[in-house]
Amino acid sequence: MLKTCFAPIVFGLFAIAASGAAAEDAAKVPLAVGDQAPDASLPDLHGDEVGLKKLFAAGPVALVVLRGYPGYQCPLCNRQAGELLARAEDFSKAGAQVVMVYPGSAKQLDEHARQFIAGKKFPAHYRFLLDPDYRLVEAYGLRWNAPQETAYPSSFVVNRQGEITFAAVSRSHGGRTPAAELIKAIERTRRTRR
């Protein structure tokens with residue numbers, strides 16, 4: 001009799017734990033094509049807050065989430081940023097803004113971000129924004145919660161209505177979206193008049 005009394009309790013506790021784990025995993029699912037991009041207000045290196053919703057409305061926007069500072073300046077992020085900057089004219093011809101997001105702990109984020117952009121020239125249609133304490137990263141389901149990690153490197157194209165029309169999330173340090181692929185995604189978005 002004692003066994004049968006405890007069985008429902010143990011099963012109930014297992015079910016509660018399983019549903020909690022499932023909910024936690026569901027919260028970690030990155031945004032995908034067709035999802036609405038959450039609005040966020042992120043600071044630039046001048047301390048000005050930039051609202052993403054306003055940028056989206058002038059869209060399309062190529063939103064690129066870098067790894068930030070996981071204890072060092074990521075060489076793959078540097079290479080990706082360099083490639084995006086080298087294709088500035090192509091992004092301009094495609095009618096897109098490029099937003100690079102540098103996430104990290106608010107402590108020393110400005111300092112690390114300034115080190116990252118040293119020697120890089122950002123055209124008028126590019127924005128380099130900070131994501132202190134991972135607000136945007138969490139909202140987009142991109143937090144890489146492991147030692148020496150910050151965010152999954154990701155690229156999105158967002159149309160004027162704030163809808164994601166292209167999404168690529170890398171579960172490794174590599175797997176970055178080439179600039180040419182982002183430009184094609186922007187051109188597709190513009191052709192569909194979104």
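## Exercises on burial, salt bridges and packing

Glu-138 is partly exposed, with a relative accessible area of 45%. The model worked on here is predicted.

**Exercise A.** Find the salt-bridge partner of Glu-138 and state the closest N to O distance.

*Solution.* The partner is Arg-143, and the closest N and O atoms of the pair are 3.9 Å apart. The cut-off for a salt bridge is 4 Å, so the pair counts. Arg-143 has a further role: Arg-143 lies over the face of Tyr-134, at 3.8 Å from the ring centre. Another arginine is placed in this way, since the charged end of Arg-171 sits over the ring of Tyr-152, 4.3 Å from its centre.

**Exercise B.** Classify Arg-67 as buried or exposed, do likewise for Glu-149, and describe how the two residues are joined.

*Solution.* Begin with accessibility. Arg-67 has a relative accessible area of 0% and is therefore buried. Glu-149, at 13%, is buried too, because the limit is under 20%. Next, take the distance: the closest N and O atoms of the two side chains are 2.9 Å apart, and the pair forms a salt bridge. Last, place the residues in the chain. Arg-67 is in the loop between β3 and α3, while Glu-149 is in the loop between α6 (135–139) and β6 (154–158). The bridge thus links distant parts of the chain, 82 residues apart. As background, side chains of opposite charge can pair when their charged atoms come close.

**Exercise C.** Work out how Lys-93 and Glu-89 are spaced in helix α4, and whether Lys-93 is buried or exposed.

*Solution.* The two residues are four apart in helix α4, so about one helical turn separates them. Their side chains meet in a salt bridge of 3.3 Å, N to O. Lys-93 is exposed at 64%, and Glu-89 is exposed at 55%. The structure holds four salt bridges in total.

**Exercise D.** Determine how many residues the largest nonpolar core has and which elements supply it.

*Solution.* The core has 30 residues, and Phe-91, Met-100 and Phe-128 have the most contacts inside it. Elements giving two or more residues to this core include β3 (61–65), α3, β4 (97–104) and β5 (126–132). The largest share, five residues, comes from α7. A second, separate core has 23 residues, among them Ala-37, Val-61, Leu-136 and Ile-164. To see the packing around one central residue, list the contacts of Met-100, leaving aside neighbours within four places in sequence: they include Val-64, Leu-66, Ala-81, Leu-84, Phe-122 and Phe-128. In soluble globular proteins, nonpolar side chains tend to be buried together.

**Exercise E.** Give the ring geometry of Phe-122 and Phe-128, and say why the pair is called tilted.

*Solution.* The ring centres are 5.6 Å apart and the planes stand at 55°, so the pair is tilted. The angle falls between the limits of 30 and 60 degrees. Phe-122 is partly exposed at 24%, whereas Phe-128 is buried at 8%. Both rings belong to one aromatic cluster with Tyr-102 and Phe-116. The whole structure has seven aromatic pairs.

**Exercise F.** Locate Gln-80, decide whether it is buried or exposed, and list its contacts.

*Solution.* Gln-80 lies in helix α3 (residues 75–86). With 5% relative accessibility, Gln-80 counts as buried. Leaving aside neighbours within four places in sequence, Gln-80 is in contact with Val-64, Leu-66, Ser-155, Arg-176 and Thr-177.

Key:
Residues are numbered from 1 along each chain as its sequence is written. This is a predicted model: local features need pLDDT of at least 70, side-chain atom pairs count only at pLDDT 80 or more; totals for chains, interfaces and linings use all residues. Side-chain values use heavy atoms; hydrogens and water are left out. Buried means under 20% relative accessible area, exposed over 50%, partly exposed in between (1.4 Å probe, protein chains only). Contact means heavy atoms within 4.5 Å. A nonpolar core is a set of buried Ala, Val, Leu, Ile, Met, Phe, Trp, Tyr and Cys residues joined through side-chain atoms within 4.5 Å. Rings of Phe, Tyr and Trp (its six-membered ring) pair if their centres lie within 6.5 Å; planes under 30 degrees apart count as stacked, over 60 as edge-to-face and the rest as tilted. A charge sits over a ring if NZ of Lys or CZ of Arg is within 6 Å of the ring centre and within 35 degrees of the ring normal.
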